[in-house]
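Please open the model in your viewer and keep the sequence at hand. The tour proceeds by selections, each followed by a description of what is found there.

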Amino acid sequence: MGIEEAPSGFLLTSVETLAGLVRKASLWPVTFGLACCAIEMMATGGSRFDISRFGMEVFRASPRQSDLMIVAGRVSQKMAPVVRQVYDQMAEPKWVLSMGVCASSGGMFNNYAIVQGVDHIVPVDIYLPGCPPRPEMLINAILELHEQIKNEPLGRDRAEIARKVEAAALQATPTSHMTGLLR
């Protein structure tokens, strides 16, 4: 049986599957620890929890060599442009993990100085709850991200989906998590 006789879509599906497996096994996270969650993130890279066994050798200091941003801790209004700049400097494809309740929704800091969710700045792929989340929880979130990466499409479809998700996230109006309590 030659390549001409293969079922339609067979070769493309195999290439997407192979690319997904390679991408998930070679993530390079950029360090973006802003508060107490960063200590737990650093512990995940240490010898006790050792994220190297998942193909993530070390936390990178350069966004140009990274494809995963782990935002750990609260994001202030002054730090928001820096988070966006680091995200824009990362090479495609790129993913974002929001670590901790402060990064995900502002946490207990319901004021003008703290961004009420990093998803108002960059598109987030995985939300990790907790205050602070344990290293085991971060490893589980990374494994969940591996499953997402493994099943992502290639090419223009992925780029178009990413653009639409980012545009929708940036146009969303911020809401207070205290709204229901104030009534």
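The stops below go from the whole chain to the sheet, then to the helices, and finally to an annotated site.

**The whole chain**

Begin with the entire protein chain, bearing in mind that this is a predicted model. Its secondary structure comes to six helices and four strands. Followed along the sequence, these elements give the pattern α-β-α-β-α-β-α-β-α-α. The protein chain has 183 residues, of which 37% count as buried. Among contacts with a separation of 6 or more, 78% join residues that are 24 or more positions apart.

**The sheet**

Next, select the four strands together. They form an open sheet in the order β1-β2-β3-β4, with parallel pairing. Which strands stand at the edges? They are β1 (29-33) and β4; each has a single partner strand, so one side of each is left without a neighbour in the sheet. On average, and ignoring direction, neighbouring strands of this sheet are turned by 15° against each other.

**Strands β2 and β3**

Narrow the selection to β2 (residues 68-72) and β3 (residues 95-99). The two pair in the parallel sense over five bridges. Within this pairing, I70 stands opposite L97 in β3.

Now keep β3 alone and show its side chains. In a regular strand, side chains alternate between the two faces of the sheet. In β3, W95, L97 and M99 point one way, while V96 and S98 point the other way. Is this strand mostly covered or mostly uncovered? Strand β3 is mostly covered, five of its five residues being buried.

**Helices on the sheet**

Add helix α3 (residues 80-89) to the view of the sheet. Helix α3 lies across β1, β2 and β3 and runs at about 175° to β1.

**Helices α2 and α5**

Select helix α2 (residues 37-45) together with α5 (135-150). Two packed helices are described by the angle between their axes and the distance between the axes. Here the axes of α2 and α5 come within 8 Å and cross at roughly 70°. Angles of 65 to 115 degrees count as roughly perpendicular, and the crossing therefore makes α2 roughly perpendicular to α5.

Which residues meet at this contact? From α2 come E40, M41, A43 and T44; from α5 come P135, L138 and I139. By character, the residues of this contact divide into five nonpolar, one polar and one charged.

**The annotated binding site**

For the last stop, select C36, C37, C102 and C131, which an unreviewed UniProt entry annotates as "binding site". These residues are spread over 96 residues of sequence, yet they cluster in space, with a largest C-alpha distance of 9.9 Å.

Centre first on C102, which is placed in helix α4 (residues 101-105). Leaving aside residues up to four places away in sequence, C102 touches G73, R74, G107, F109 and V115. Its relative accessibility is 10%, so C102 counts as buried, the cut-off for buried being under 20%.

Then move to C131, in the loop between β4 (126-128) and α5 (135-150). Is C131 buried or exposed? With a relative accessible area of 53%, C131 is exposed, because that term applies over 50%. The annotated site thus includes a buried residue, C102, and an exposed one, C131.

Key. Residues numbered from 1 in each chain as written. Predicted model: local features only at pLDDT ≥ 70, side-chain atom pairs only at ≥ 80, totals over all residues. Heavy atoms only, no water. UniProt positions renumbered as here; feature names shortened; annotations may be inferred. Buried < 20%, exposed > 50% of the residue type's maximum accessible area, 1.4 Å probe, protein only. Contact = heavy atoms within 4.5 Å. Axes fitted to C-alpha atoms, helices over the stretch in contact; angles between N-to-C directions. Parallel < 35°, antiparallel > 145°, perpendicular 65-115°, else oblique. Nonpolar A, V, L, I, M, F, W, Y, C, P; charged D, E, K, R; others polar. Pairing = 2+ DSSP bridges.
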